[in-house]
Amino acid sequence: MSQSTKLPLYITLATFVLAFVLCAAQYPAMASTRVVANLLTDNAFLGITAVGMTFVILSGGIDLSVGSVIAFTGVFLAVILRDTSIHPLVAFALVLLITTGFGAAMGGIIHYLEMPPFIVTLAGMFLMRGLAYVLSTESVPITHEFYDWLQSLYWKAPGGGRFRLTGALMLLTYVAAMIVLHRTRFGQNVYAIGGSAQTAQLMGVPRARTTIGIYAVSGGLAGLAGIVYTLYTSAGYSLATVGVELDAIAAVVIGGTLLSGGSGFVAGTFFGILIMGLIQTYIVFDGTLSSWWTKIVIGGLLFAFIMLQKGLGWATTARIRLLTASDARS
Amino acid sequence: MAMPEPVLHARGISKFFPGAIALDDVELALYPGEVHALLGENGAGKSTLIKCVTGAYSRDGGTIALSGAEIDPRDPLDSQSLGIGTVYQEVNLLENLTVAENLFLGRQPMRWGMVDHRRMKREARDILRDYGLDIDPGRLLSSYSIAIQQIVAIARAVELSGKVLILDEPTASLDHDEVQLLFSVIERLKGRGLAIVFITHFLDQVFAISDRATILRNGRVVGTRRLADVSQTEIVTLMLGRQLEAATHHRAHSEPGELLLSLKGFGKRGSIEPFDMEIREGEVVGLAGLLGSGRSETANVVFGVVAADQGTAELRGRGLRITNPREAIRNRFALCPEDRKTDGIVGDLSVRENIILSLQARQGWHRPIPRAKAEEIAQHYVKALDIRLASLDMPIRLLSGGNQQKALLARWLATEPELLILDEPTRGIDVGAHAEIIALIEDLREKGMALIVASSEMEELVAYSSRIVVLRDRRQVGELTGHEISTKSIVEAIAAEDAA
């Protein structure tokens, strides 16, 4: 990839570093491993969701169902562990199968019925939220020794920070996503479809398989995020994670991925997540600010990054016009 | 001379569209190492034939043999894997990927189950060197000019197919040097034994590069000729089925009428330098100049597409301010833009709806034009301009390029403008339609309409202009009237500024 496409990624990275330095200057305690470890743990489920969202947005689509899928996964796990003696690992496999299949089905509908992803995944959002309610309207606690064991796994860093399993899982997801996007044909096809689905098809990209795969990845990762969320809260609740899909979209855009598809990096999404987490941490440290300030700052950031994308777009067209003009003259 | 076995032989190809026969028993034989031009007017069936051969359309009859074996491609992808590659005028590659990624999409070199980017770049560089390009394949495709993108597309098509290469209007958006670059690539491929189909509207280019030509008219083959044996006139006569009028001369114009529009110090910073211009009824003002000299910019600023930020305008002696096209239309101006695909036609609307669009817009949408009236207007212009179509209800995107251009003209003529601005009215249309549009311009001038015509074809401007304004570097550098008008004097006017 060339320098110009990486520019938004660098800007996101610079924004994060700058914000972190400013925060640490005001509250030196923020530079501790404890804060960093919590940043990873608290945002693990959102981070994993945003990876799936990056695939979807890179392909020029959108997935509004992920918040509901997380809630469904939580309730499903809680109910199944309460009412049956199935081992959590089996339940995990089962729920991942369901959510991946659900994503694949949405991808199939989007491709074969030529429906806009917005509407299809909106329907998916209502469907999954509804299914979660059907399973249980109340918060169902999860008590299982396997869960206790998973939650007790952590690496204690010098300075007292506890790096937990869920944070590691998120990091692993990002590494895997980078490999898939840049080092496999499927990943290249995701970018190709995002550039122009029609041209990609003319160039031999298997459009059906790729579209279905993309939404399956998003659904499956939302399922994984749901599992992580139950490890985080030890409960399943059908009203949980409302609007998480929008947070994930925000993280992807702040990470420098073009909403129109075809350009962006999953690494950017990672820093998008960290920036959003950092704002929340700052508000906790400050103590006097309402937590709604998080939303306000994210709104402002989003707007700034959209303007940035627009500006880069203009700059590129201007450069190309210059290029062709000089070509024509020579 | 005994010809070798044809590499591609299509016989008896027929294709029917509702209400029309698009192809009727067409034969096309391609031999290895030849460039074969496919010629015909718009709507003659060139594109349809290509689409039938590559499987984009399913044909209604006929056989296709590739290297002697019968084939039946399902779609262009299938025909590509069989050996027939196609490259279109609009480059069908992905601008958001790198050059190397475009070349190798779908067949990337793999190493331990992963895409080997380093090898891919190295191989891409080697392949492109064979085409005379020494560029960095790791950069985005969009960072290169259209000509280079086109060659990358050709390289990809040849790598994937390797027997037949179809070039559909490859030179339409290239300038002279870029065309030469493309031709050198075509020569190389010819040397490698490929059979190349070359579709274009530029007859000079056909004679420069092609060995043989198959000429289509109304869905039938009217002849296949060795180009060494025929003259351009002969080819044109075959295409049109009639003799083209001898070279156009500058004819004495009838006396122009009243002063219509007068512009003083009119301009827009960063777009076009201030200029003075007067135009009378029954006058054609030609805008001449090289690509990027400000022809389109002048047309756009007069019509208010970009609002002028300096100077004054007077319409019939009264002050006038035009800041957007709506005001221009209200003052009975009309503009046919250069790029009809993006700025002009509304592809999915019917021909009738497209024709009455501007008239309706001027009337206001709360006063719809009755269906019968719309039908009558559309019918009138379809007849007057000889627009060839199956039905007024068909979507305009199904018309051929020349017919789309005429429908666009009809749209503006329907508003009965006093000033008609045409930006490249003959771009991308064939000689027949070309002559008709020139005749139409002269006819409108005789009827007293004022016209401003921007065109890159000087001969054409010389033929119909009452005066010619010469532009260079977004600035008016000269004006030619009466006997001064000739292609030579236009070139001199452009070059004189060069010396200064």
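## A tour of the A/B interface and a nonpolar patch

Start where chain A meets chain B: no salt bridges turn up across this interface (Lys or Arg side-chain nitrogen within 4 Å of an Asp or Glu carboxyl oxygen). Bear in mind that this is a predicted model, with local features needing pLDDT of at least 70 and side-chain atom pairs pLDDT 80 or more, while totals for chains, interfaces and linings use all residues. Residues are numbered from 1 along each chain, chains are lettered from A, and side-chain values use heavy atoms without hydrogens or water.

What the interface does have is seven residue pairs in polar contact, both at pLDDT 80 or more (N or O atoms within 3.5 Å, one able to donate a hydrogen and the other to accept it; sequence neighbours count only through side-chain atoms on both sides).

Now select α1 (3-26), α7 (165-183), α8 (185-195), α9 (197-202) and α13 (293-329) of chain A: each gives at least two residues to the side touching chain B (helices are DSSP H or I runs of at least four residues). Colour α8(A) separately, as its seven residues are the largest share.

Next, show both sides: 31 residues of chain A contact 30 of chain B (heavy atoms within 4.5 Å).

Last stop: Met115(A), in the loop between α4 and α5 of chain A.
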